[in-house]
Amino acid sequence: MAAPKVAVVGAGVIGLSTALCIVETCPSCSVTILSDQFSPNTTGDVAAGMLIPHTYPDTPIHVQKQWFKETFTYLFAISNSAEASEAGIHLVSGWQVFKSTPKEKLPFWSDVVLGFRPMSEAELQKFPQHQFGQAFTTLKCECPPYLLWLEKRLKATGVQMYTRKVADLWDLHSEYDIIVNCAGIGAHQLVGDKKLFPVRGQVLKVHAPWVKNFIRDGDGLTYIYPGIHSITLGGTREKESWSLSPDPGTTKDIFDRCCSLEPSLQKAQDIKAKVGLRPSRHCVRLQREVLSQGGVKLPVVHNYGHGASGFSVHRGTAREAARLVAECIAALQGSSSRAKL
Ligand code: FAD
C-alpha cells in the first residue's frame, strides 16, 4: 500500500501534538492538518497552560497519571534545552492554598511535579485566610509560542496545514485513508457528541512582572499563574455556557479575588479579559471507530474532550492516539494485502 494519508482535524494543542506524535510513530505517513482556526485563535491561546491536572471522573487514575507523567517528562526536557524560550516552556514554583485542610493531602500527581511538600507555617503567613497549603514546582506552556513551535516542527517534517472547516468527517473519505478527530469543543457539532459540553472560562492577562510565584486556591477557581510576558488571573468555570464574550462584572470579580490572594496585583497594568470553552467530558474520547457507507470504510481516531487539563496531559494522549493510528495502518495494510491474494 502507498504511504497512508492521514488528516488531523483541529490545530489546538491536541491536534498539533497528535500530528507530531503520528509523524514520530509512523514516519511513512503523509500527515495533513485541517482546521478552521489556528493559534492565536484556539482554546489554548486563552489558557494559562499550567501543568496541574484536574481529574477525569470516568478514567482510571493510573491512566491519567501516566498521561500526565509522559507530558511532564517531555516538557521538562524541553525546558532544560536551548529550545525552551522559543517553545515557551518554563518551570514555575508556587503554592496551592486551602481555607480548610483537604481530605486528599496527596493528589495523584504529587510525585510527578517537583518538590511537592506541605507549606511551612512561615509560608502560610502570606495567606492569612488559609489554613493549609502545598508548595511545588511545575511547568507552564506559554501560548502562542508553544503552538507556533509545534507548527514549526510539523512543517519541518513536511506536514501540510490548511484552513478548512470540516462539516462531516465522511466528506474526507475520498482524500484521506485515516482521520484523526482533534476538534475540541467543535466535536459537539462535528460528530454530535452529546457527552461533550463546554465549561466556559474567563481569565485576565495582566502585566505585573514582580509576581514570580504561582498561587492557586485549592477550589481551583481563583489562581495567579505568572508566565513569560504576562500573568494569567482566573477564573470561572461555567458549565454549558457557550458565550465567548468577556463579562465586565466577572472581570472585576476575578481581579478582586486575585488581589485578595496577592495584594500587590492592585498595581497590575494592561488588563485584558479573555474567554475560552473547555471541551469537557467525563473522560477524554480516545478511541478508534470505523465509519462506513455503501461498503466503503473510513477509519477514525478520536482524541478530544480534555476539559481543564488539555496542556497537562496532551503529550500522553497524543502518543496514545498515534498508537491507535498505527493500529489503523496495520489493519489497512492487512486488508490491502488480502485483497491482492
Ligand atoms: P482547541 O484548542 O479548541 O482546538 C480545537 C481545534 O479544532 C481548533 O483549531 C478548531 O478550529 C478546530 N475545529 C473545531 N471544529 C472544527 C471543524 N468542524 N472543522 C475544522 N476544524 C475544527 N489546561 C491545562 O492543562 N492547564 C491550564 O492551566 C489550563 N487553563 C485553562 C484556562 C481556561 C480559561 C481555559 C478555557 C482552558 C484551560 N485549560 C487548561 C484547558 C485547555 O486549554 C484545553 O483542554 C485545551 O486547549 C483543549 O485543546 P484542543 O486542541 O482539544 O481544543
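Start with the whole protein: eight helices and 15 strands. Both are DSSP runs numbered from the N terminus, helices being H or I with at least four residues and strands E with at least two. This is a predicted model, with local features needing pLDDT of at least 70, side-chain atom pairs counting only at pLDDT 80 or more, and totals for chains, interfaces and linings using all residues. Residues are numbered from 1 along each chain as its sequence is written, and side-chain values use heavy atoms, leaving out hydrogens and water.

Show the C-alpha trace. Its principal axes span about 75 × 40 × 40 Å. Now colour by burial. Buried residues (under 20% relative accessible area, 1.4 Å probe, protein chains only) make up 55% of the 341 residues.

Next, select the ligand and its shell of 35 residues, meaning those with a heavy atom within 4 Å of the ligand. Ser 35, Asp 36, Thr 43, Val 166 and Gly 307 come nearest. By class, the shell has 14 nonpolar, 17 polar and four charged residues. Gly counts as polar here; Ala, Val, Leu, Ile, Met, Phe, Trp, Tyr, Cys and Pro count as nonpolar, and Asp, Glu, Lys and Arg as charged.

Highlight helix H1 (13-25), strand E8 (197-207), strand E13 (269-280) and helix H8 (310-340). Each supplies at least two shell residues.

Zoom in on the ligand oxygens. A backbone N or O atom of Gly 310 lies 3.0 Å from a ligand oxygen. For Phe 311, a backbone N or O atom is also 3.0 Å from a ligand oxygen. The protein covers 95% of the 1,000 Å² of accessible area that the ligand has on its own, by the Shrake-Rupley method with a 1.4 Å probe.

Technical notes
Polar contact = N/O pair within 3.5 Å; in protein donor to acceptor, adjacent residues only side chain to side chain. Buried < 20%, exposed > 50% of the residue type's maximum accessible area, 1.4 Å probe, protein only.
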